[in-house]
Amino acid sequence: MCVLRFGVLIHHDKKNNAVLIPGPYNVPDTIRKIHTAAFVADMHADSLLWHRDLRKRYTRGQVDLPRLEDGGVDLQVFGVVTKVPKPINFFINSGDTDSLPLLFLASWRSPATWFNPKERALAQAREIMQLANTSQLTLVLRKQDISAKGIKGLLALEGMHAFNGEEASLNDLYSAGFRMMGLTHFFDNEIAGSVHGIDKIGLTELGRALIPQMETLGITIDLAHASDVAFDETLDLATKPVVVSHVGVAGTCPGSRSLTDDQLQRIAENGGVIGVGFWKRAICDVSVKGITAAIRHAIKVAGVDHVGLGSDFDGNVTTPFDTTGLPMLTEALLAAGLPEEDVLKVLGGNVRRVLTTNLPD
Ligand SMILES: [Zn+2]
């Protein structure tokens, strides 16, 4: 039974978090030098979900600590997934079904997590705390942690349905280490509407009450997966920079989950950052070229101070490379004629700026 449980998980991990071209990836030394010196930040990877020992190097999935080091990554935002409808539909889902009990059972997590989104969030937070205590990883909780040596990790909640409808969950999840929160994931919840939801509503009363509280605590608001109405309503209320942690841009890859030029401009006005994704629905062309094209479009519309990376590694997506391939992106951006200082902003400078602004002292 034990072997079978793990077998199911490993099979899914391998199949669903695939890489088109496996490493090692060849990049000239001059480029690698620039990349290594840069502060590189990726705003979204769901690596915690799969219950790998991230201290070890795996041949499956797209992120672990040894590979983050090879990829020159300074900061990895770890998304925490707590409920996924079954079957998943990209355009319209209710929150009535849940495909995750089996995964939490198969990964031998406590029975409390099997059916409870908040418990799933708290369990994954405990796991990254444990990882930080037994590895080089620094968990980012305050401003100063951003400048810690080595690889930093930041905990992000993917969908505030994990509040289980309770305002008091904000403090519980903040205390557990969460410093970024996406309003929604695949369905409308008690906080806001999802772009994949049924009614795709705006902010609820609870959502409106939580936005200023999140800003006061130093939690960065993430508008990835938010409905168009929730996106606008949040930006009307926001007094701090927000992020769209992992997303596509309609200019190179149209679709309901891609940001229109108007939305890109709204993020720029807010002072926030757009994290360009690496998967099919975000870039259409799953290649270094496709990512580069999306980044260039976002820069053209929003300006170079508002564009960053949001791979969605380990998020049930196939990507052109794993995290060790990031230097190829530096190479491609420079080859596209972007000045080095602009490349540094996109690689992570902008994300560092926003987090430094928002995080508590
Ligand atoms: Zn996502």
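**Helices α2 and α12**

I looked first at how helix α2 (residues 29-37) sits against helix α12 (residues 326-335) in this predicted model. Their axes come within 9 Å and cross at roughly 110°. That angle makes α2 roughly perpendicular to α12, because values of 65 to 115 degrees count as such. I then listed the residues that meet. From α2 they are Ile 31, Arg 32, Ile 34 and His 35. From α12 they are Pro 327, Thr 330, Glu 331 and Leu 334. I sorted the residues of this contact by type and got 4 nonpolar, 2 polar and 2 charged.

**The loop before α2**

I went back along the chain to the loop between α1 (2-16) and α2, where I found Ile 21. Is Ile 21 buried or partly exposed? I noted 13 C-beta neighbours inside 10 Å, so Ile 21 counts as partly exposed; the buried class needs 20 or more. Leaving out residues up to four places away in sequence, I found that Ile 21 touches Pro 320 and Phe 321. For a distance across the model I took Ile 21 and Thr 220, which are 199 residues apart along the chain. Their C-alpha atoms are separated by 33 Å.

Pro 24 is in this loop between α1 and α2 as well. I checked the peptide bond that joins Gly 23 and Pro 24 and found it cis, with omega about 0°. I add for context that most peptide bonds are trans.

**Strand β2 and its partners**

Next I turned to strand β2 (residues 75-81). How many of the residues of β2 are buried? I counted 7 of 7. In a regular strand the side chains alternate between the two faces of the sheet, and I therefore checked each face. On one side I have Leu 75, Val 77, Gly 79 and Val 81, and on the other Gln 76, Phe 78 and Val 80. These residues are all buried, and both faces of β2 are covered.

I then looked at the pairing. Strand β1 (residues 41-45) runs parallel to β2, and 3 bridges join them. Ala 45 is placed opposite Phe 78 of β2. Between β1 and β2 the chain passes through helix α3 (residues 65-70), and I recorded this β-α-β crossover as right-handed.

Strand β4 (residues 152-158) also pairs with β2, in parallel, through 7 bridges. Here Phe 78 faces Leu 155 in β4. I note that Phe 78 thus appears in both pairings, opposite Ala 45 and opposite Leu 155.

**On to β5 and β6**

I followed β4 to strand β5 (residues 178-182), where 5 of 5 residues are buried. β4 and β5 are parallel and share 4 bridges. Leu 157 stands opposite Met 181 of β5. The chain gets from β4 to β5 through helix α6 (residues 169-175), in a right-handed β-α-β crossover.

Which strand does β5 join through 3 bridges? I found strand β6 (residues 220-222), which runs parallel to β5. Asp 222 in β6 is the bridge partner of Gly 182. I entered β5, helix α7 (residues 205-217) and β6 as a right-handed β-α-β unit.

**Two positive phi values**

I looked up two residues for their phi, given that most residues other than glycine have a negative phi. Lys 200 lies in the loop between β5 and α7 and has a positive phi of about 50°. With 19 C-beta neighbours inside 10 Å, Lys 200 counts as partly exposed.

His 225 lies in the loop between β6 and α8 (228-237), and its phi is near 75°. I found 26 C-beta neighbours inside 10 Å for His 225, which means that this residue counts as buried.

**Gly 308**

My last entry is Gly 308, which I located in strand β10 (residues 307-309). Why does Gly 308 count as buried? I found 29 C-beta neighbours inside 10 Å, and the buried class starts at 20. Not counting residues up to four places away in sequence, I noted contacts of Gly 308 with Ala 41, Met 43, Val 273, Ile 274, Gly 275, Val 346, Gly 348, Asn 350 and Val 351. I also took its C-alpha to C-alpha distance to His 246: the two are 62 residues apart in sequence and 9.3 Å apart in space.

Technical notes
Residues numbered from 1 in each chain as written. Predicted model: local features only at pLDDT ≥ 70, side-chain atom pairs only at ≥ 80, totals over all residues. Axes fitted to C-alpha atoms, helices over the stretch in contact; angles between N-to-C directions. Parallel < 35°, antiparallel > 145°, perpendicular 65-115°, else oblique. Contact = placed C-beta atoms within 7 Å. Nonpolar A, V, L, I, M, F, W, Y, C, P; charged D, E, K, R; others polar. Buried ≥ 20, exposed ≤ 12 C-beta atoms within 10 Å, placed from the backbone. Pairing = 2+ DSSP bridges. Right-handed = clockwise from strand over helix to strand, strands pointing away.
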